[in-house]
Amino acid sequence: MTDLTLGILLWNQASEWRPMVDAAKRADELGYDSLWAWDHIYAIYGDPYQPIFEGYGLLAAYAMVTERVRLGLLVGANTFRNPGIVAKSIATLDHLSGGRAICGLGGAWFELEHTAHGIDFGSGFGQRLDWLDESVGIVRRLLDGREVTFESAKYRFEAARHNPLPLQRHLPILIGGGGERKTLRTVAKYADTWNVFGTPETVARKDGILREHCADVGRDPGAITRTVGAKIVIRDSRAEAERVWAEQMAHNKTPREDWDGPETLWLGTVEEIAETILGYVGVGFEEVLVELPAPYDMETIERLAGEVKPLVDRG
């Protein structure tokens with residue numbers, strides 16, 4: 001039998017705090033394993049200048065209103081912060097939450113928010129992934145209580161040590177992305193959890209490449225949890241689910257031509273969503289991190305945990 005694990009990301013944009021806290025508390029009550037926030041300065045769907053809240057601040061607030069759900073950024077923009085600040089922020093969140101923090105990191109991709117705020121976007125994605133690899137290694141060592149002396153073209157640390165350490169003896173790191181040459185090698189070296197998007201065939205192929213990187217760096221591929229990301233609406237008919245999604249996208253000022261493709265947008269009945277998830281379970285992915293735009297769809301939150309998960313678990 002499958003033991004499906006569910007995480008939930010509440011879009012930071014186009015919302016107010018009260019609906020966010022209500023949805024977070026409900027996910028916690030329903031037994032979701034993890035609760036996530038974006039790490040963006042501008043909205044990433046529709047009008048970039050519509051309201052959006054900062055990620056770490058949201059996680060700290062979520063820590064105060066939830067009891068069991070794990071908390072992280074999906075994913076932290078590596079370009080935004082020195083890795084020492086990341087490690088300190090995550091350790092602080094771990095104490096605020098009673099040991100529930102996850103360190104989510106990625107290379108960053110949204111150029112507009114970088115240029116608008118004078119944040120170095122690098123020469124291209126390849127350079128940002130090189131920075132990510134260096135940064136994750138530094139964060140890992142600081143979270144583990146090790147002294148860090150390190151120098152590269154991007155970072156310089158001299159006998160850096162942190163106190164207090166996280167409550168968790170090994171605070172998990174999640175890395176998001178599917179870049180086959182650099183991102184997946186960083187996943188192989190450092191990640192406890194990997195998040196990726198794509199069809200079952202696509203993620204299975206990338207998983208094979210990840211396993212090759214694991215062999216190269218001497219890492220057990222079984223030590224890395226595989227998670228797939230998706231946007232889900234559950235209703236009694238696909239047509240009704242599509243109507244709800246269209247209303248959510250209108251609220252987020254996102255035209256139809258900017259909607260995501262079918263590999264990440266799962267709209268349908270309980271049975272259809274369960275069948276889709278089982279396709280990923282069949283290739284080794286037993287954790288789904290679902291993104292929910294505002295206004296947050298409480299029916300989907302409840303039915304995913306209460307109806308879809310039992311179907312998937314029964315196989």
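**Entry 1: the lining of the largest pocket**

I sorted the lining of the largest pocket by class and found 15 nonpolar, 11 polar and 6 charged residues. I note here that the model is predicted. Next I looked up the volume of this pocket, and it is about 680 Å³. The lining has 32 residues. Which of them are the closest to the centre? They are His40, Leu74, Val75, Trp109 and Phe197.

Then I asked which elements give two or more residues to this lining. I found strand S4 (76-77), helix H5 (125-143) and strand S9 (193-196). H5 gives the most, with 3 residues.

**Entry 2: the cavity**

I turned from the pocket to closed space. Rolling a probe the size of a water molecule over the atoms shows where empty space is left. How many cavities of 30 Å³ or more are there? I counted 1. The space in the largest cavity is about 30 Å³.

I listed its lining: Ala87, Ala91, Leu142, Leu143, His162, Pro164, Leu165 and Pro166. Helix H3 (83-96) and H5 are the elements that give two or more residues to it. By class, I get 7 nonpolar residues, 1 polar and no charged in the lining of the largest cavity. H5 was on my list for the largest pocket, and H5 is on the list for the largest cavity too.

**Entry 3: aromatic rings**

I moved on to the rings. A pair of aromatic rings is described by the distance of the centres and the angle of the planes. My count is 9 aromatic pairs. I took one of them, tryptophan 38 with tyrosine 45. Why is this pair stacked? The ring centres are 6.0 Å apart and the planes meet at 20°, so the pair counts as stacked, because the cut-off for stacking is under 30 degrees.

Are these two residues buried or exposed? The cut-off for buried is under 20% relative accessible area. Tryptophan 38 has 2% relative accessibility, so I marked it as buried. Tyrosine 45 has a relative accessible area of 12%, so tyrosine 45 is buried as well.

I followed the ring pairs outward. They link Trp11, Trp38, Tyr45 and Trp245 into a cluster.

**Entry 4: charges over rings**

Last, I looked for charged ends over rings. Arginine 128 has its charged end over the ring of phenylalanine 121, at 3.8 Å from the ring centre. I noted lysine 154 as well. Its charged end sits over the ring of tryptophan 131, and the distance to the ring centre is 4.0 Å.

Key
Residues are numbered from 1 along each chain as its sequence is written. This is a predicted model: local features need pLDDT of at least 70, side-chain atom pairs count only at pLDDT 80 or more; totals for chains, interfaces and linings use all residues. Side-chain values use heavy atoms; hydrogens and water are left out. On a 1 Å grid over the protein atoms alone, a cavity is a set of points where a 1.4 Å probe fits but cannot get out, and a pocket is an open set with protein on both sides within 12 Å along at least five of seven lines; lining residues have an atom within 4 Å of a point. Grid points are joined across faces, edges and corners, and a volume is the space filled by probe spheres set on the points. Helices (H or I, at least four residues) and strands (E, at least two) are DSSP runs, numbered from the N terminus. Ala, Val, Leu, Ile, Met, Phe, Trp, Tyr, Cys and Pro count as nonpolar, Asp, Glu, Lys and Arg as charged, and the others, Gly among them, as polar. Rings of Phe, Tyr and Trp (its six-membered ring) pair if their centres lie within 6.5 Å; planes under 30 degrees apart count as stacked, over 60 as edge-to-face and the rest as tilted. Buried means under 20% relative accessible area, exposed over 50%, partly exposed in between (1.4 Å probe, protein chains only). A charge sits over a ring if NZ of Lys or CZ of Arg is within 6 Å of the ring centre and within 35 degrees of the ring normal.
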